[in-house]
Amino acid sequence: MPQQIIIIGTGGHAGVLCEVLRIRGIVVSASIARDPPSKEWLERYQHLGQERVLEGLDPSAAPLVNGVGSAGSTELHMRVFEYAKALGFSFFSVIHPQSIISDSALLGEGAQIMAGAVVQTGAQLGRNVLINGGAIVDHDCRIGPHCHVATGASLSGAVVLGEGVHVGTGASIIQEVSVGDRVVIGA
């Protein structure tokens, strides 16, 4: 029987994650979201309600996937993760089969690496990090927890991102630059 997952979120990013999980043979058994999901979503997935429903669920029943995306601030993406962790839940990492990840890269709990993304030698990704489609994380980068490297963004070697950084679509950061906590780098 395929592994079962509960996804938090029912928007665009959650839909992409559901597709990657399906490709990998993993079943999304249910969803949780702050806002009511669309009719199309409800036709495909059982919806359990808002995040507070986690308080009544057994954390060992199924791992979670954080489907809350970010378009600038990573605050909600971070809060959802930390709330569920405080309740004892674990997070599943979602890795698209068409991403490239070095054997020496370290990925934190709940990491998400989308299609066409590249994570090079010696890179370290914290928990709940999202590396979106076509993004490049070059050698020896250190990505703090809850960061989002958006579609097509590029981090040169040895870049350091603090907690909750959002690197916008197509942005480039040159080698050995350090970025502080919760900074937003525009597209």
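Thr10 has a relative accessible area of 17%, which places this residue under the 20% limit, and therefore Thr10 is buried. The model in which this value was computed is a predicted one. Thr10 belongs to the loop that links β1 and α1. Apart from neighbours within four places in sequence, the residues in contact with Thr10 are Ser31, Ala33, Asp35, Pro37, Trp41 and His47.

One of these contacts, Trp41, leads to the aromatic residues. Two aromatic pairs are found in the structure. In the pair formed by Trp41 and Tyr45, the ring centres are 4.6 Å apart and the planes meet at 45°, so the pair is tilted. Each ring belongs to a buried residue: Trp41 has a relative accessible area of 3%, and Tyr45 has one of 15%.

The loop that holds Thr10 starts from β1, and this strand can be followed next. Strand β1 covers residues 4–8, and four of its five residues are buried, so the strand is largely enclosed by the rest of the structure. Strands in a sheet pair through hydrogen bonds of the backbone, in a parallel or an antiparallel sense. Strand β1 pairs with strand β2 (residues 27–32) in the parallel sense, over five bridges. Within this pairing, Ile5 has Val28 of β2 as its bridge partner. Strand β1 also pairs with strand β4 (residues 64–66), again in the parallel sense, over three bridges. Here Ile6 has Leu64 of β4 as its bridge partner.

The connection from β1 to β2 involves helix α1 (residues 12–23), and the three elements make a β-α-β unit that is right-handed. Ser31, one of the residues in contact with Thr10, falls within the residue range 27–32 of β2.

A further part of the structure is an open sheet. Its five strands are ordered β6-β9-β12-β15-β18, and their pairing is parallel. The edges of this sheet are taken by β6 (100–101) and β18 (172–173); each of these has a single partner strand, so one side of each is left without a neighbour in the sheet. Away from the edges, strand β12 (residues 136–137) and strand β15 (residues 154–155) run parallel and are joined by two bridges. For Ile136, the bridge partner in β15 is Ser154.

Methods. Residues numbered from 1 in each chain as written. Predicted model: local features only at pLDDT ≥ 70, side-chain atom pairs only at ≥ 80, totals over all residues. Heavy atoms only, no water. Pairing = 2+ DSSP bridges. Buried < 20%, exposed > 50% of the residue type's maximum accessible area, 1.4 Å probe, protein only. Right-handed = clockwise from strand over helix to strand, strands pointing away. Contact = heavy atoms within 4.5 Å. Phe/Tyr/Trp six-rings, centres within 6.5 Å; stacked < 30°, edge-to-face > 60°.
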